[in-house]
Amino acid sequence: MDHDPTRRLLLTALAGLTLANVTLASAASGTANTQNNSRILVAYFSRSGNTRVIAGVIHRSLQTDMFEIEPATPYPVEYFQTVEKAKKEREAGIRPALKNNVADIERYQTIYLGFPIWGTSVPPVVQTFLSSHNLAGKQLIPFITHGGYGPGDSDGILSRLAPTARREKPLIMECDQERKTTETVTEWLEAIRS
Ligand SMILES: Cc1cc2nc3c(=O)[nH]c(=O)nc-3n(C[C@H](O)[C@H](O)[C@H](O)COP(=O)(O)O)c2cc1C
């Protein structure tokens with residue numbers, strides 16, 4: 001028996017903390033990240049944040065559920081290393097494994113799918129997402145960001161990997177390039193340090 005009220009309070013708080021952690025852990029291993037109990041899901045992949053901003057606007061405007069598409073093995077932090085890895089994946093036709101799946105994809109009628117254009121196409125990890133979730137009969141609404149070269153062959157890839165989804169006209173938006181930012185900052189650093 002525990003008669004010390006302060007200690008009991010602390011123990012109760014700690015137990016609550018453990019429960020909260022368990023809830024977080026199980027969310028990470030399968031269900032959509034943010035639940036609004038909606039029939040609409042925003043699923044997105046983003047490296048430098050452009051696509052994430054759009055995902056957030058849709059999520060907050062429509063009170064949707066939200067799922068971030070992430071590879072099981074993260075891409076390198078360094079931009080040019082990521083470009084190199086993505087190029088190798090594209091050339092070898094590699095579809096990297098996902099960190100998580102949407103466990104209850106059946107419950108969604110509409111999926112807003114967001115991604116940046118990589119190598120004039122749909123990033124390999126987003127292709128994994130498409131081929132490992134059954135989107136048959138669902139409404140699929142893409143939102144696509146690019147760095148100035150347009151949507152590439154993404155339309156054809158979406159048709160191939162989600163052939164029976166009902167597709168809406170996508171949002172296609174030109175956004176900043178991490179390459180340009182990286183080069184500008186690097187040049188500036190060199191200039192002020194030389
Ligand atoms: C690996 C890689 C490849 C890219 N390839 C292209 C491309 O082929 N065409 C293009 O217009 N932009 C390309 N970009 C730029 C991104 O599409 C653009 O900056 C996008 O908005 C980034 O979205 P994010 O901030 O959500 O990651 C590429 C970026 C990366 C990291």
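By residue class, the lining of the largest pocket in this predicted model comprises eight nonpolar, 13 polar and six charged residues. The volume of this largest pocket is about 640 Å³. Its lining is formed by 27 residues, of which Tyr79, Ile117, Trp118, Gly119 and Gln177 lie closest to the pocket centre. Four elements, α2, α3, β4 and α6 (178-193), each give two or more residues to this lining. Among the contributors, α3 provides the largest share, with six residues.

The largest pocket is also the site in which the ligand sits. The elements that supply two or more residues to the shell around the ligand are α2 (50-62), α3 (79-92) and β4 (139-146). Within this shell, the greatest contribution is again that of α3, which gives three residues. In total, 22 residues surround the ligand, and the closest of these are Ser46, Ser48, Asn50, Thr51 and Thr120. The composition of the shell is eight nonpolar, twelve polar and two charged residues.

Oxygen atoms of the ligand are approached by both backbone and side-chain atoms of the protein. At Thr120, a backbone N or O atom is placed 2.7 Å from a ligand oxygen atom. At Gly49, the corresponding distance between a backbone N or O atom and an oxygen atom of the ligand is 2.9 Å. The side chain of Thr145 likewise takes part, with an N or O atom 2.8 Å from an oxygen atom of the ligand. The ligand taken alone exposes 650 Å², and 91% of that area is buried by the protein.

The second largest pocket has a volume of about 200 Å³. Its lining consists of 13 residues, and those closest to the pocket centre are Phe45, Ser46, Arg47, Pro71 and Tyr75. Ser46 thus appears both in this group and among the residues closest to the ligand. By class, the lining of the second largest pocket divides into seven nonpolar, two polar and four charged residues. Polar residues therefore number two in the lining of the second largest pocket, whereas the lining of the largest pocket contains 13.

Terms used
Residues are numbered from 1 along each chain as its sequence is written. This is a predicted model: local features need pLDDT of at least 70, side-chain atom pairs count only at pLDDT 80 or more; totals for chains, interfaces and linings use all residues. Side-chain values use heavy atoms; hydrogens and water are left out. A residue is near a molecule or strand if one of its heavy atoms lies within 4 Å of it. A polar contact is a pair of N or O atoms within 3.5 Å; within protein, one must be able to donate a hydrogen and the other to accept it, and residues adjacent in sequence count only if both atoms are side-chain atoms. Accessible areas come from the Shrake-Rupley method with a 1.4 Å probe; for residues, only the protein chains shown count as cover. On a 1 Å grid over the protein atoms alone, a cavity is a set of points where a 1.4 Å probe fits but cannot get out, and a pocket is an open set with protein on both sides within 12 Å along at least five of seven lines; lining residues have an atom within 4 Å of a point. A molecule sits in a cavity or pocket if more than half of its atoms lie within 2 Å of its grid points. Grid points are joined across faces, edges and corners, and a volume is the space filled by probe spheres set on the points.
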